[in-house]
Amino acid sequence: MRIRVLGAAAGGGFPQWNCNCRNCDGVRKGSLRATPRTQSSIAVSADDVNWVLFNASPDLLAQYKGFAALQPARAIRDTAIRSVVLMDAQIDHTTGLLMLREGRPLEIYCTEMAREDLSTGNPLFKILGHYCGVHWHKVPTERGNSFPVIGAEDLKFTAVPLKSNAPPYSPHRDNPLEGDNIGMRIADPRSGKVLFYAPGLGEIEPHLKPFLEEADILMVDGTFWTDDEMIGLGLSKKRARDIGHLPQSGAGGMIEVLKPLKASRKILIHINNTNPILDEDSDERRQLASAGIEVAFDGMDVKL
Ligand code: MLT
Ligand code: MN
Ligand code: ZN
């Protein structure tokens, strides 16, 4: 299996259009050693020909241009993207679907809960119904249920329900329900290797632990360094955990969680523009490096 990081930033991207935090201002002016990143998405392939998109970022068209494999040019209208899997119904993971409206009906995999949000609070699926149309495939969240995905028939997909928060436009915002947010186990039976992907992960619940422990590669929530990162900068009143993101530092933080795990690569993804780890010269970045933790970037290519 091959995994291509199309966008490694959280909602807003890096730099964010209206942000002048130390990171955004610094990367814009070139006074900080850091690399811009587009909003959260990865593509996964079992055969290097067909690709499954995980999340459809608002930056999808730029990501498309940056990765030639997505346009194989076999016909007058063509794409290598066979289907799209959504981890939640957030803006940064779904808006790109609108950019795919000129094509064939979209094969979209998401939970019942995400489908509900995308048909009500943010009626994207209804809008797409007037263009290409949506073929919805239900992602099961019952424990141990795996499901096949069009375009990656050689891989085995298992969703893991995660406690996070539904988007602000969800009818049940701040009242997390099963299926609002998922992590994904992707196994390749040919190599016996397993990827666990969870760009939004607010809490280490007991049922999640075996998935973290068995994975060969982890790509997990790298949104915030501290729980009060946005509060400290005066940008929000909400804590990282309130919006469904486990911070990296501190007791019970992601660094501590990752430490005992056997995965050969531990990669943080979905990084918010305020996170000090984006500054390659920061002490926080050094702490990650010494813990063997990598920071995803656009164009990162992982084979396993
Ligand atoms: C989140 O995951 O919390 C989002 O990135 C928020 C957003 O898209 O604004
Ligand atoms: Mn997000
Ligand atoms: Zn910023």
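**Close-up 1. Phe 196 and its contacts in the predicted model.** This is a predicted model. Setting aside neighbours within four places in sequence, Phe 196 is in contact with Val 160, Gly 183, Met 184 and Arg 185. Phe 196 also contacts Leu 208, Phe 211, Leu 212 and Ala 215. Ile 217, Leu 218, Met 219 and Val 220 complete the list.

**Close-up 2. The largest nonpolar core, with 34 residues.** Which residues touch the most other members? They are Phe 196, Leu 218, Val 220, Met 254, Leu 258, Leu 268 and Leu 288. Several elements each supply at least two residues of this core, including helix 1 (22-29), strand 10 (193-198) and helix 6 (209-214). Strand 11 (217-221), helix 8 (254-258) and strand 13 (293-295) do likewise. Helix 8 gives the largest share, four residues.

**Close-up 3. Another core, of 32 residues.** This core lies apart from the largest one. Among its residues are Phe 54, Val 85, Val 139 and Ile 269.

**Close-up 4. The site of the zinc ion (ligand 3).** Three cysteines coordinate the ion through SG: Cys 19, Cys 21 and Cys 24. Asn 273 coordinates through OD1. The distance is 2.3 Å. The site is tetrahedral, with angles of 101 to 120 degrees among its four donor atoms. Along the sequence, the donor residues follow the spacing C-x1-C-x2-C-x248-N.

**Close-up 5. Cys 21 and Asn 273, a pair of zinc donors.** Are these two residues buried or exposed? Both are buried. Cys 21 sits in the loop between strand 1 (2-7) and helix 1, and Asn 273 in the loop between strand 12 (265-269) and helix 9 (283-290), so the pair ties together parts 252 residues apart in sequence.

Notes. Residues are numbered from 1 along each chain as its sequence is written. Chains are lettered from A and ligands numbered from 1 in the order in which they are written. This is a predicted model: local features need pLDDT of at least 70, side-chain atom pairs count only at pLDDT 80 or more; totals for chains, interfaces and linings use all residues. Side-chain values use heavy atoms; hydrogens and water are left out. A nonpolar core is a set of buried Ala, Val, Leu, Ile, Met, Phe, Trp, Tyr and Cys residues joined through side-chain atoms within 4.5 Å. Buried means under 20% relative accessible area, exposed over 50%, partly exposed in between (1.4 Å probe, protein chains only). Contact means heavy atoms within 4.5 Å. Donors are N, O and S atoms within 2.8 Å of the metal (3.2 Å for Na, K and Ca); water is not among the atoms, so sites may look incomplete. Four donors count as tetrahedral if all angles lie between 85 and 135 degrees; four count as square planar and six as octahedral if opposite donors are over 155 degrees apart and all others between 65 and 115; anything else is irregular.
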